[in-house]
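Open the model in a viewer and set it to a cartoon view, with side chains hidden for now. The stops below say what to select next and what is there.

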Amino acid sequence: MDRKPEISWEDFEKLDIRTGTIISAKDFVKARKPAYQLEIDFGLLGILKSSAQLTALYKADDLTGKQIIAVVNFPKKQIADFMSECLILGIYGENNDVTLLTPLSNVNNGLKVG
């Protein structure tokens with residue numbers, strides 16, 4: 001496995017990684033690959049939307065109420081007719097199935113990850 005090039009501490013500090021809670025999840029029927037449309041509560045940052053290819057390991061009903069980790073300062077990205085506002089972080093398995101990164105304990109929404 002190849003490692004990516006080193007980055008500076010200043011590069012890492014540019015990422016705004018926060019905790020959030022999924023408040024709704026529904027099938028994204030217009031996506032090219034199976035995905036969900038999610039609404040995530042980031043506390044004082046508000047509610048942001050994301051498209052996520054999580055269908056291999058998660059059912060939409062099981063995602064509601066789940067805490068996640070996401071990058072909230074990427075530019076918005078249009079996917080079909082949906083505007084994704086944050087990038088949910090996960091681990092790619094052998095088949096590129098995504099396992100969500102989640103806090104071990106319940107934490108407040110919007111807290112910074114570092």
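**The sheet**

Begin with the open sheet of five strands, whose order is 3-2-1-4-7 and whose pairing is antiparallel. Its edge strands are strand 3 (47–52) and strand 7 (87–88), each of which pairs on one side only. The model is a predicted one, and the tour follows it strand by strand. As background, the strands of a sheet pair through backbone hydrogen bonds, either parallel or antiparallel.

**Strand 1 and its two neighbours**

Select residues 17–27, which make up strand 1, together with residues 67–71, which make up strand 4. The two are joined by five bridges in the antiparallel sense. To find the register, pick Gly20: its bridge partner in strand 4 is Ile68.

Now keep strand 1 and add strand 2 (residues 36–41). This pairing is also antiparallel, and it runs over six bridges. Which residue of strand 2 stands opposite Lys26? Selecting Gln37 shows the answer, as Gln37 is the residue opposite Lys26.

**Out to the edge**

Move on from strand 2 to strand 3. These strands run antiparallel and are joined by six bridges. Glu39 has Lys49 as its bridge partner in strand 3. Follow the chain through the connection: strand 2 and strand 3 form a hairpin, with five residues between them. Stop at Gly43 in the turn, where phi is positive, at about 65°.

**Ser51**

Stay in strand 3 and select Ser51. Is Ser51 buried or exposed? Its relative accessible area is 19%, and Ser51 counts as buried because that value falls under the 20% cut-off. Show the side chains around Ser51: leaving out residues up to four places away in sequence, Ser51 touches Phe28, Ala35, Tyr36, Ile79, Phe82 and Ser84.

**The largest pocket**

Ser51 also leads to the next stop. Turn on a pocket surface and look for the largest pocket, which has a volume of about 930 Å³. It is lined by 31 residues, and those closest to its centre are Ser51, Ala52, Gln53, Leu87 and Tyr92. Colour by element next: strand 3, strand 5 (77–79), strand 7 and strand 8 (90–92) are the elements that give two or more residues to the lining. Colouring by class instead gives 16 nonpolar, eight polar and seven charged residues in the lining of this pocket.

**An aromatic pair in helix 1**

Leave the pocket and search for aromatic pairs; there are two in the whole structure. One of them is Trp9 with Phe12, a tilted pair at 5.3 Å centre to centre and 40° between the planes. Both residues lie in helix 1 (residues 9–13), three residues apart, which is about one turn of the helix. Compare their accessibility: Trp9 is exposed, with a relative accessible area of 55%, whereas Phe12 is partly exposed at 28%.

**Glu94**

For the last stop, go to the loop between strand 8 and strand 9 (98–100) and select Glu94. Glu94 is exposed because its relative accessibility of 84% is over the 50% cut-off. Finally, draw a C-alpha to C-alpha distance from Glu94 to Leu63: the two are 22 Å apart in space and 31 residues apart in sequence.

Terms used:
Residues numbered from 1 in each chain as written. Predicted model: local features only at pLDDT ≥ 70, side-chain atom pairs only at ≥ 80, totals over all residues. Heavy atoms only, no water. Pairing = 2+ DSSP bridges. Helix = DSSP H or I, 4+ residues; strand = E, 2+ residues; numbered from the N terminus. Phe/Tyr/Trp six-rings, centres within 6.5 Å; stacked < 30°, edge-to-face > 60°. Buried < 20%, exposed > 50% of the residue type's maximum accessible area, 1.4 Å probe, protein only. Contact = heavy atoms within 4.5 Å. 1 Å grid on protein atoms, 1.4 Å probe; cavity = no way out; pocket = protein on both sides within 12 Å on 5 of 7 lines; lining within 4 Å. Points joined across faces, edges and corners; volume = space filled by probe spheres on them. Nonpolar A, V, L, I, M, F, W, Y, C, P; charged D, E, K, R; others polar.
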